[in-house]
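Me: I have a structure to go through at the bench. Please take my questions one at a time.

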Amino acid sequence: MTFWFLLLLGIITYFMVQRSVARITRTPVWLLWLVLMAPPLIWTAWSAVYGVQVRPPRALMIAPLVISPILYWVLFQIGRRPSEVTQTQSATPQPQLAIHRVAESSVSVRPIKPDEEAQLRNCFPWSLYYLQDIEYRPQAVICKGQLRTDATAAYQQVKENVEAEFGDRFLVMLQEGFNGKPIFVLVPNTQLAKYQNSSEKLTRPGLALGLLFATLMTTTLVGARIAGVEAQQLRQNSGVLLQGLPYALALLTILGIHELGHYITARRYKIRATLPYFIPMPLFLGTFGAFIQMRSPVPNRKALFDISVAGPLAGFIATLPILAWGLANSTIIPLTEQSGLFNPDSLNPRYSILLALISKLVLGSQLITKTAIDLHPVAFAGLLGLVVTALNLVPVGQLDGGHIIHAMFGQRNAIIIGQIARFLLLLLALVQPGFLLWAIILIFVPLIDEPALNDVTELNNQRDILGILSIALLILIVLPLPNVFVRLLGL
């Protein structure tokens with residue numbers, strides 16, 4: 001299992017390095033990849049020499065996590081192409097457009113003649129937004145000024161004025177400028193109108209059903225292994241494969257409800273979205289999850305928040321009964337050195353606050369000190385449901401948690417919070433090595449999230465509270481149970 005985990009980690013890391021930095025640095029991709037892979041390679045080498053029972057020294061655990069990112073940054077900067085450095089230092093970043101899968105290079109702004117500029121200025125009543133300057137960019141017209149009223153009212157009125165003067169020629173966006181002041185951005189609407197008026201179906205039913213069936217097969221195969229079916233048994237009697245079906249159905253139910261939460265909420269805001277696509281994977285968990293695609297811009301931060309939080313909360317609600325039933329049908333066994341959070345044959349629930357509380361509630365006095373749980377396949381699917389909920393709530397970039405933080409605090413603050421979250425997850429990997437793969441992947445996840453059309457209007461108090469609760473849920477899942485509660489609960 002260690003070999004396959006290392007192989008998968010290596011493949012994912014290599015392709016993410018190649019995709020993210022290959023064009024902007026001369027440093028060989030293989031060298032950058034090797035630097036990032038140094039920590040798991042060092043730890044794997046230690047385990048191969050001394051055995052998995054002997055834990056590496058604390059210095060050997062911490063030093064690679066500190067040195068590797070620093071060395072990666074130094075090598076990246078040494079090989080950085082001069083043209084990229086010049087552009088980064090001299091050019092003001094372009095606004096991020098909330099149009100999914102539209103190549104920016106294919107869009108250009110139609111010239112605005114002097115009389116048209118006068119029309120544009122008339123779209124900004126001084127009582128709503130005092131327009132001071134207009135900048136022309138290759139793919140946007142940026143209108144800078146001072147907001148003099150409620151952001152929602154100003155956006156709606158300016159949007160209506162622009163549509164009255166220019167029709168559907170521009171997509172109107174209200175964003176925070178780099179100085180923190182609201183700016184209006186007019187983006188060519190040609191490609192967006194083509195998307196919205198296209199008669200082509202969003203979801204390809206054949207592909208969606210095919211992926212669902214393939215994922216059902218791969219998760220059933222993995223579920224059979226979790227249930228204890230040996231490869232020889234499977235070759236002799238294919239009927240034993242059905243023992244993996246409970247795991248497969250439970251996991252697909254959790255992932256499907258998670259994505260349907262996003263889908264239903266997106267449709268409530270009249271955003272064009274596809275039905276869920278599942279990703280089959282014959283190793284590890286049997287799947288890489290599922291996703292939907294949104295083909296319309298998000299109208300405001302309220303919609304961004306609602307769509308983002310709906311998935312994790314729906315998936316979490318679906319996880320609870322599945323996990324409870326699975327735990328009730330699991331077996332209590334003695335605690336060993338191999339017990340951990342991601343070991344279905346010997347789960348130590350104390351590695352997660354929420355998991356420990358749920359396990360104690362379901363199993364009661366059966367779960368005591370120095371005991372672990374041999375998970376029923378359905379219980380393991382429920383455990384993965386908790387992990388998927390937590391990983392999606394990590395407040396980084398375009399993850400659900402990143403969207404939530406963006407909607408709550410704005411994009412600039414979300415970038416800072418995302419950087420802190422990356423570092424904290426790396427530290428958590430010292431306690432929970434199972435999170436190492438995710439911590440490394442997050443290094444390559446862009447911190448900048450796509451803004452909503454009205455990216456200035458803040459959320460109400462109810463949504464802010466719900467956002468705080470979602471982050472609290474993340475903490476309850478990923479942090480180990482403190483010793484004081486271990487003693488209190490008799491664990």
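Reply: One term to begin with: a residue counts as exposed when its relative accessible area is over 50%, and as buried under 20%. Note that this is a predicted model.

Me: Is asparagine 483 buried or exposed?

Reply: Asparagine 483 sits in helix 18, residues 483-488. Its relative accessible area is 58%. The cut-off for the upper class is over 50%. Therefore asparagine 483 is exposed.

Me: How many Å separate the C-alpha atoms of asparagine 483 and arginine 350?

Reply: Along the chain, asparagine 483 and arginine 350 are 133 residues apart. In space, their C-alpha atoms are separated by 9.2 Å.

Me: Which class does tryptophan 73 fall in, buried or exposed?

Reply: Tryptophan 73 belongs to helix 3, residues 58-78. Its relative accessibility is 52%. The cut-off is over 50%, so tryptophan 73 counts as exposed.

Me: What accessible area does the nonpolar surface patch with Trp73 have together?

Reply: Trp73 shares this patch with Ile62, Val66, Ile67, Ile70, Leu71, Val74 and Ile78. Together they have an accessible area of about 760 Å².

Me: Which helix gives the most to the largest nonpolar core?

Reply: The largest nonpolar core has 70 residues. Tyr247, Leu375, Leu383 and Val396 have the most contacts inside it. The top contribution to this core is 11 residues, and it comes from helix 13, residues 377-393.

Me: How many residues are in the other core, the one with Cys123?

Reply: This core lies apart from the largest one. Ile134, Leu171 and Leu186 are also among its members. Its size is 28 residues.

Technical notes. Residues are numbered from 1 along each chain as its sequence is written. This is a predicted model: local features need pLDDT of at least 70, side-chain atom pairs count only at pLDDT 80 or more; totals for chains, interfaces and linings use all residues. Side-chain values use heavy atoms; hydrogens and water are left out. Patches are made of residues with over 30% relative accessible area and no salt bridge: like charges are joined within 9 Å, nonpolar side chains (Val, Leu, Ile, Met, Phe, Trp, Tyr) within 5 Å. Accessible areas come from the Shrake-Rupley method with a 1.4 Å probe; for residues, only the protein chains shown count as cover. A salt bridge is a side-chain nitrogen of Lys or Arg within 4 Å of a carboxyl oxygen of Asp or Glu. Helices (H or I, at least four residues) and strands (E, at least two) are DSSP runs, numbered from the N terminus. Buried means under 20% relative accessible area, exposed over 50%, partly exposed in between (1.4 Å probe, protein chains only). A nonpolar core is a set of buried Ala, Val, Leu, Ile, Met, Phe, Trp, Tyr and Cys residues joined through side-chain atoms within 4.5 Å.
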